2 protein chains.
Amino acid sequence: MELDERKRIILHAIVKNYLETGEPVGSRTISKYTDLNLSSATIRNEMADLEEMGLILQPHTSAGRIPSDQGYRVYVDEMLRDKEKEVENMKEMLLDKEEKLENLLKQVAKTLAVDTNYATMISAPQIRKNKLKFIQISKVDDEHLLATIVIEGNVIKNKIITVEEVLDDATMLKLNILLNTRLDGLAVEDINLGLIAAVKQEAGIHSEIIGNVIDAAAESITADEDLQIYTSGTTNFFKYPELTDNAKASELLSTFEDTSDLSSIVENTLSAENGETGIQVYIGNETPVQAMKDCSVVTATYELGDGMKGTVGIIGPKRMDYDKVISTLKNMRHALDDLYKKE
Amino acid sequence: MELDERKRIILHAIVKNYLETGEPVGSRTISKYTDLNLSSATIRNEMADLEEMGLILQPHTSAGRIPSDQGYRVYVDEMLRDKEKEVENMKEMLLDKEEKLENLLKQVAKTLAVDTNYATMISAPQIRKNKLKFIQISKVDDEHLLATIVIEGNVIKNKIITVEEVLDDATMLKLNILLNTRLDGLAVEDINLGLIAAVKQEAGIHSEIIGNVIDAAAESITADEDLQIYTSGTTNFFKYPELTDNAKASELLSTFEDTSDLSSIVENTLSAENGETGIQVYIGNETPVQAMKDCSVVTATYELGDGMKGTVGIIGPKRMDYDKVISTLKNMRHALDDLYKKE
DNA sequence: GTTAGCACTCACCTCTTTCGAGTGCTAACA
DNA sequence: TGTTAGCACTCGAAAGAGGTGAGTGCTAAC
């Protein structure tokens, strides 16, 4: 059977109505809701067809219809094909930019949650192929050295190193020159055991300290194995009864306490080819997280300048307001882009 | 009326039984549960007395009794007076200590949550009266300087400063000496406008850079106005039906999304004189957070060596297993203490 | 192809009944 | 005087019984 124009309009009306009310939609409602001027009986016939096609379904015999996952999919695909929405001024939200990335991300998550009334998540940008830009050790006091490591993108790492012996200024200078000449500009794959041994040998009696510093440096440019993810608005789930009948709420919220489930969403999003819009929609069972099978997840990748890519996600009921969510995410992307360009 | 020995035993039995079952406790249950060898009728008489004293109450006429807030209080006070429990090996949990304080705290919160089956929170230690220990600027590249600031307790702060002009090594050295001689060991209240002006003047044409560095330093040693608080196990609430009937769950979980409510608990705990045990118990309406009026909150202060004090809290139903929670918290305190001493 | 009409279904609400755990009170007992 | 057995009573929870209404599928007529 084919999804002709009239069926499409009816499906659209069913989805839209269900998004608003959360209740199954009956034929009479559609008959009035659309301007097709068809009686409820005709609509019923069409609905029977749509059901046969797997686009809508009945929760029970004498109830109206609700969209199936596949029905949502048709609706969402249609929407994604739609013209670009104009970029609004979400930027302003971020303009009093926090100096720390962490705070910026938390702010984004919160803003989105408040804006959309859904739960949100954002992953810190994953830094790949990092190179050392600057490395230095300083004497904090007699027993402690401070290793400062700057990597591309001006990300800074520090490590305190405890030393037995007191180092004089000349030695410090020598070690610093050694570190910078030998390690500057290296990526993680360049730092191999051979190099480490060579540098250590050059350092002579201070090889242990140098070993510590190199370890710290290597650790810094290795991608964080535990991806930082911030969430917000998880209590918004309680606004949608279909997600919060007892056990479900618990299960759903649990996935937000631990990053492991969320990071599977991040991975999925980053690995998928998602065209120029950068938006991806997972409906029901399409989500990588089992506990979210009654939800929809809309994700977007964002990029902070030099190749640091992260993922923003909005998680809500399947009957989420896709239109709004998608345009909100687009705005956020643009805002983050602009924000970084100003630097 | 006086709380004689027999009444105390009965009260104890009622509380204990209620903690386990979550159901109102009847006289017959107590008659069997205790080894007083009293009939249910006698127990009923005693229970009537206890109710009159405000220690227990009936949810409705023909139900058993549940402890009132005051009843819990008697029970808990008795328990706090009890002998010190032996310190168990929670330490081991923390032994693979994360280098970052943040990760350690998250780990503590999680461990406690898993251990107790309640929600937990932990505040990052509040650092008071900070002094600068070490301050330095380094040239990352021609346009960027890196200011590194170490404050007491070996907490490290960094700030990237963008400069117009390229600074030569001699200038860098000069500025560094200036910074360290003038600012070393200063507390926040020592850094006043007069000092800043004096140092800036000494810096000559580079006063702007110095100004930036001093700003960064001042910011670093000022106590974080937004207290960091980590939580875990919030979904444990769902294990206690009395806390999760619909609206309550949402309200309760909301308080965990925002730190403002939680920080009032931290403040309360830190400001209270809580004796040598360092443990504090808030029952029902005693908690500083209205949304937790059906909960009990058990807090402990911990100290990481040099005066850095923070607060751990466990939030659960009023019928929480006080015995276990209190001893678990004590263990955690000891573990944290020991952990720091090893440094 | 569209529509009106009609019998049918079934979740949901309300009202009633039943059930049982638990109580308070009284009278008897040690 | 303290303890106990017995009994009538209370009231929430669970189970059952109608009633209601939104919505359906089917059929026959337009």
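## Around DNA strand C

In this predicted model, 21 residues surround DNA strand C, and the closest are A:Arg6, A:Thr42, A:Ser62, B:Ser27 and B:Arg65. Here a residue is near a strand if one of its heavy atoms lies within 4 Å of it. Of the atoms of DNA strand C that come within 4 Å of the protein, 73% are accounted for by sugar and phosphate. The residues of the surface near this strand divide into 4 nonpolar, 13 polar and 4 charged. In that sorting, Ala, Val, Leu, Ile, Met, Phe, Trp, Tyr, Cys and Pro count as nonpolar, Asp, Glu, Lys and Arg as charged, and the others, Gly among them, as polar.

Let's look at some polar contacts, meaning pairs of N or O atoms within 3.5 Å (within protein, one must be able to donate a hydrogen and the other to accept it, and residues adjacent in sequence count only if both atoms are side-chain atoms). From chain A, a polar side-chain atom of A:Thr42 lies 2.7 Å from a phosphate oxygen of DNA strand C. From chain B, the side chain of B:Ser27 has an N or O atom 2.6 Å from a phosphate oxygen of the strand, and for the side chain of B:Arg65 the distance is 3.0 Å.

Which helix gives the most to the surface near DNA strand C? It is α3(A), with 4 residues. Both α3 (40–52) of chain A and α3 (40–52) of chain B supply at least two residues each. Helices (H or I, at least four residues) and strands (E, at least two) are DSSP runs, numbered from the N terminus.

## Around DNA strand D

DNA strand D has 21 residues around it, of which A:Ser27, A:Arg65, B:Arg6, B:Thr42 and B:Ser62 come nearest. Sugar or phosphate holds 79% of the strand's atoms within 4 Å of the protein, and the rest belong to bases. The nearby surface divides into 4 nonpolar, 13 polar and 4 charged residues.

Chain B offers several polar contacts to follow. A polar backbone atom of B:Ser39 is 3.0 Å from a phosphate oxygen of DNA strand D, while an N or O atom in the side chain of B:Thr42 is 2.7 Å from a phosphate oxygen. B:Arg44 reaches a base: a polar atom of its side chain lies 3.2 Å from a base oxygen of DNA strand D. The elements giving two or more residues to this surface are α3 of chain A together with α3 of chain B, and α3(B) gives the most, with 4 residues.

## Where the two chains meet

Contact means heavy atoms within 4.5 Å. By that rule, 34 residues of chain B are in contact with 34 residues of chain A. The area buried between the chains is about 2,600 Å², and carbon and sulfur atoms give 50% of it. Buried area is the accessible area (1.4 Å probe) that two parts lose on being put together, summed over both. On the chain B side, B:Thr235, B:Phe238 and B:Glu257 lose the most area to chain A, together 18% of what that side buries.

## A sheet in chain B

Strands of a sheet pair through backbone hydrogen bonds, either parallel or antiparallel. Chain B has an open sheet of 3 strands in the order β4-β5-β6, with antiparallel pairing. Two strands pair if DSSP finds at least two bridges between them. At the edges stand β4 (132–141) and β6 (155–162) of chain B, each with a single partner strand, so one side of each has no neighbour in the sheet. Neighbouring strands are turned by 20° against each other on average, direction ignored.

Strand β5 (residues 144–151) of chain B pairs with β6(B) over 8 bridges, and B:Thr148 stands opposite B:Asn158 in β6(B). Helix α7 (residues 169–183) of chain B packs on the sheet, touching β4 and β5, and its direction makes about 165° with that of β4(B). Axes are lines fitted to C-alpha atoms, for helices over the stretch in contact, and angles run from 0 to 180 degrees between N-to-C directions.

## How to read the numbers

Residues are numbered from 1 along each chain as its sequence is written, while chains are lettered from A and ligands numbered from 1 in the order in which they are written. In this predicted model local features need pLDDT of at least 70, side-chain atom pairs count only at pLDDT 80 or more, and totals for chains, interfaces and linings use all residues, while side-chain values use heavy atoms, with hydrogens and water left out.
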